[in-house]
Amino acid sequence: MKVDRILEIIIYLINHDNVPASYLAERFHVSVRTIQRDMVSISSIGIPVYAEGGKYGGYSILPTYKIRNSDIRNDEQQMIIKALESLATSYTSDTLKALIEKYNAIIEKEGGQKVFWDFGVTRENNHVQNINNLLEQAIAERKHITFNYRNASGKKSKQYVEPLAIHYKWYAWYLFSYSPEKKQYRTFKVARIQSLHVDDIVSTIEHGYIEKLTETVSRIFIDVPAKERLWKALLLSFGNEIKVIGPESYKKELIETAKNFLSNYDI
């Protein structure tokens, strides 16, 4: 529904700056023209949305605008606080802890908690937490970093990159970065980073919308045991979002597994 989409766009813009219309169109499965009309609707109800032109331009809401707590339903408030608390199980941050306490102080708690999540199994160790803290600092100051890295095959390498973001997916933390030497974006698993050092060199490169970059250039290489059945289930779970590069025997085995699966249905 249009009203639901507009509300979601408003909330998204409050938390992001300079969002391209093309990204919003893709995110909400509508045309760019529809997004432009939505922006007119948002402005007409008094929310100060503005657009910036240029290569890295997009839509934003004035930083002075604040959404009222009464605009969020009680069940949504409970869901937000549980999401924050679940995040805290995998990411230790004083800022996050303070945010949870502040949000707890303002949300309504009528009827008690209805949804319970336990993400304790995903808790990262102290090494990952310490690396994340250093990465946050480097990202905020736009400084380059160097570190030792061991990939999934055990191969060691020395890396020099500009950190752009850290993100949590597949039950682990990953660093999204830019290699000035190779002139390409790269993803590293934080747990495999060792001897991290924040350099004094400050980046002057404008990368644009980082969240969009992480979705378009992310590539994961996975090494799996040849006789382990679980790897086929893992790869099939990605659907058409993954392509097996090699070896050829893996590709053939995965294709055969998919054919056997489809044979159970009248297609």
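In this predicted model, F261, L262 and Y265 together make a nonpolar surface patch of about 340 Å². Of these residues, L262 belongs to helix α9, which covers residues 248-262. With a relative accessible area of 46%, L262 is partly exposed. Helix α9 also carries a salt bridge, in which the closest N and O atoms of E248 and K251 are 3.7 Å apart. Both residues sit within the helix, three residues apart, or about one turn. This spacing fits a familiar rule: an α-helix has 3.6 residues a turn, so residues three or four places apart point the same way. Both partners are partly exposed, E248 with a relative accessible area of 46% and K251 with one of 27%.

Attention now turns to helix α6 and the segment that follows it. Helix α6 comprises 16 residues, from 126 to 141. From first C-alpha to last, α6 reaches 23 Å, close to the 22 Å expected at 1.5 Å a residue. Its buried residues are V128, Q129, I131, N132, L135 and A138, a set that includes the polar side chains of Q129 and N132. Directly after the helix comes R142, with a positive phi near 60°.

The structure holds three salt bridges, and the stretch around the end of α6 takes part in two further examples beside the pair in α9. In one, the side chains of E141 and K143 meet at 3.4 Å, N to O; E141 counts as partly exposed, at 37% relative accessibility. In the other, R142 pairs with E206, their closest N and O atoms being 3.5 Å apart. Because R142 lies in the loop between α6 and β3 while E206 lies in the loop between β7 and α7, this pair ties together parts that are 64 residues apart in sequence. R142 is partly exposed, with a relative accessible area of 30%, and E206 is likewise partly exposed, with a value of 48%.

Strand β3 spans residues 143-150, and six of its eight residues are buried, so the strand is largely enclosed by the rest of the structure. β3 has two antiparallel partners described here: β7, over five bridges, and β4 (residues 156-169), over six bridges. N148 offers a handy point of reference for this arrangement, since its bridge partner is Q194 in β7 and K158 in β4. The hairpin of β3 and β4 has five residues between the strands, and G154 in the turn shows a positive phi of about 90°.

A second hairpin is formed by β5 and β6, with four residues between the strands. Here K183 takes a positive phi near 55°. The two strands, residues 172-179 and 184-189, pair in the antiparallel sense over six bridges, and Y178 has Y185 of β6 as its bridge partner.

Y185 also leads on to H207, as a polar contact of 2.9 Å joins their side chains. A further polar contact of 2.9 Å joins the side chain of H207 to that of E162. H207 lies in the loop between β7 (193-202) and α7 (210-217), yet is buried, with a relative accessible area of 9%.

Methods: Residues numbered from 1 in each chain as written. Predicted model: local features only at pLDDT ≥ 70, side-chain atom pairs only at ≥ 80, totals over all residues. Heavy atoms only, no water. Patch = residues over 30% accessible without salt bridge, like charges linked within 9 Å, V, L, I, M, F, W, Y side chains within 5 Å. Areas by Shrake-Rupley, 256 points an atom, 1.4 Å probe, with all protein chains shown as cover. Salt bridge = Lys/Arg side-chain N within 4 Å of Asp/Glu carboxyl O. Buried < 20%, exposed > 50% of the residue type's maximum accessible area, 1.4 Å probe, protein only. Expected span 1.5 Å × (residues − 1). Pairing = 2+ DSSP bridges. Polar contact = N/O pair within 3.5 Å; in protein donor to acceptor, adjacent residues only side chain to side chain.
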